[in-house]
Amino acid sequence: MTVRFKLDENLPLDARRLLELAGHDAHTAVEEALAGATDEKILQVCRVEDRILVTLDMDFADVRSYLAAGHAGIWILRPATQSMDAILSVLRDALSLIGREETSNRLWIVETGRVRIRG
């Protein structure tokens, strides 16, 4: 099952490679000239492209501003540290749930050792 992702500008390019090696379609905000774009703009592009937004930005956890409807999903990665290894580790954890948990219209908070799903 191929899933479409958009990686926010705060994620390393190795995250894209990880997703692609797992057989998924991944675009980055930086490659699409969206670096510095507002959160609203990033989410709007994700909606149009039907992509799950993957980010480190906790602003997207505010359900008052970013309703958990009308998008392919938002994954907020919350690694124990901001190291590349820690970021990739929590992303791998989330990928292990693809096909077992719904992503559409859901907010996933992906932490080391657990994933909380709202929506």
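What span should the 12 residues of helix α3 (residues 84-95) cover at 1.5 Å a residue, and how far apart are its end C-alpha atoms? In this predicted model, the expected span of α3 is 16 Å and the end C-alpha atoms are 16 Å apart, so the two values agree.

The protein contains 3 helices and 6 strands, arranged from the N terminus in the order β-α-β-α-β-β-α-β-β. For a chain of 119 residues, a compact globule would have a radius of gyration near 14 Å; the value for the protein is 13 Å, which agrees with that expectation. The C-alpha trace spans about 30 × 30 × 30 Å along its principal axes. Buried residues constitute 45% of the 119 residues. Among contacts with a separation of 6 or more, 48% involve residues 24 or more positions apart.

Helix α3 contributes the buried residues Ala86, Ile87, Leu88, Val90, Leu91, Ala94 and Leu95. An α-helix has 3.6 residues a turn, so residues three or four places apart point the same way. The buried residues of α3 pack against one helix, α1 (13-21), and against the strands β1 (4-7), β3 (52-55), β4 (74-78) and β5 (107-111).

The largest nonpolar core comprises 24 residues, and those with the most contacts inside it are Phe5, Val54, Trp75, Leu77 and Leu91. At least two residues of this core are supplied by each of β1, α1, β3, β4, α3 and β5. Helix α3 provides the largest share, with 6 residues. When residues up to four places away in sequence are not counted, Leu91 touches Ala15, Leu18, Leu19, Val54, Trp75 and Leu77. A second, separate core of 13 residues includes Leu34, Ile42, Cys46 and Ala61. In soluble globular proteins, nonpolar side chains tend to be buried together.

Strand β5 pairs with strand β6 (residues 114-118) in the antiparallel sense, over 5 bridges. Within this pairing, Trp108 has Ile117 of β6 as its bridge partner. The hairpin formed by β5 and β6 has 2 residues between the strands, and Gly113 takes a positive phi near 85° in this hairpin.

Two charged residues in loops were examined for their surroundings. Arg51 is located in the loop between α2 and β3. With a relative accessible area of 2%, Arg51 is classed as buried, because the cut-off for that class is under 20%. The side chain of Arg51 is joined by polar contacts of 3.1 Å to the side chain of Asp25 and, likewise at 3.1 Å, to the side chain of Glu49. Beyond residues up to four places away in sequence, Arg51 touches Arg4, Phe5, Lys6, Asp25, Ala26, His27, Cys46, Ala72 and Gly73. Asp25 is thus found both in this set of contacts and in a polar contact with Arg51.

Glu31 occupies the loop between β2 (25-28) and α2 (39-49). Glu31 is partly exposed, since its relative accessible area of 47% falls between the limits of 20% and 50%. The side chain of Glu31 forms a polar contact of 2.4 Å with the side chain of Arg16 and another, of 3.0 Å, with the side chain of Thr28. Leaving aside residues up to four places away in sequence, Glu31 touches Leu13 and Arg16. Lys41 lies 10 residues from Glu31 in sequence, and their C-alpha atoms are 15 Å apart in space.

Key:
Residues are numbered from 1 along each chain as its sequence is written. This is a predicted model: local features need pLDDT of at least 70, side-chain atom pairs count only at pLDDT 80 or more; totals for chains, interfaces and linings use all residues. Side-chain values use heavy atoms; hydrogens and water are left out. Helices (H or I, at least four residues) and strands (E, at least two) are DSSP runs, numbered from the N terminus. The expected span of a helix is 1.5 Å times one less than its number of residues. Buried means under 20% relative accessible area, exposed over 50%, partly exposed in between (1.4 Å probe, protein chains only). Contact means heavy atoms within 4.5 Å. Two strands pair if DSSP finds at least two bridges between them. A nonpolar core is a set of buried Ala, Val, Leu, Ile, Met, Phe, Trp, Tyr and Cys residues joined through side-chain atoms within 4.5 Å. A polar contact is a pair of N or O atoms within 3.5 Å; within protein, one must be able to donate a hydrogen and the other to accept it, and residues adjacent in sequence count only if both atoms are side-chain atoms. The radius of gyration is taken over C-alpha atoms; the globule rule is 2.2 Å times the number of residues to the power 0.38.
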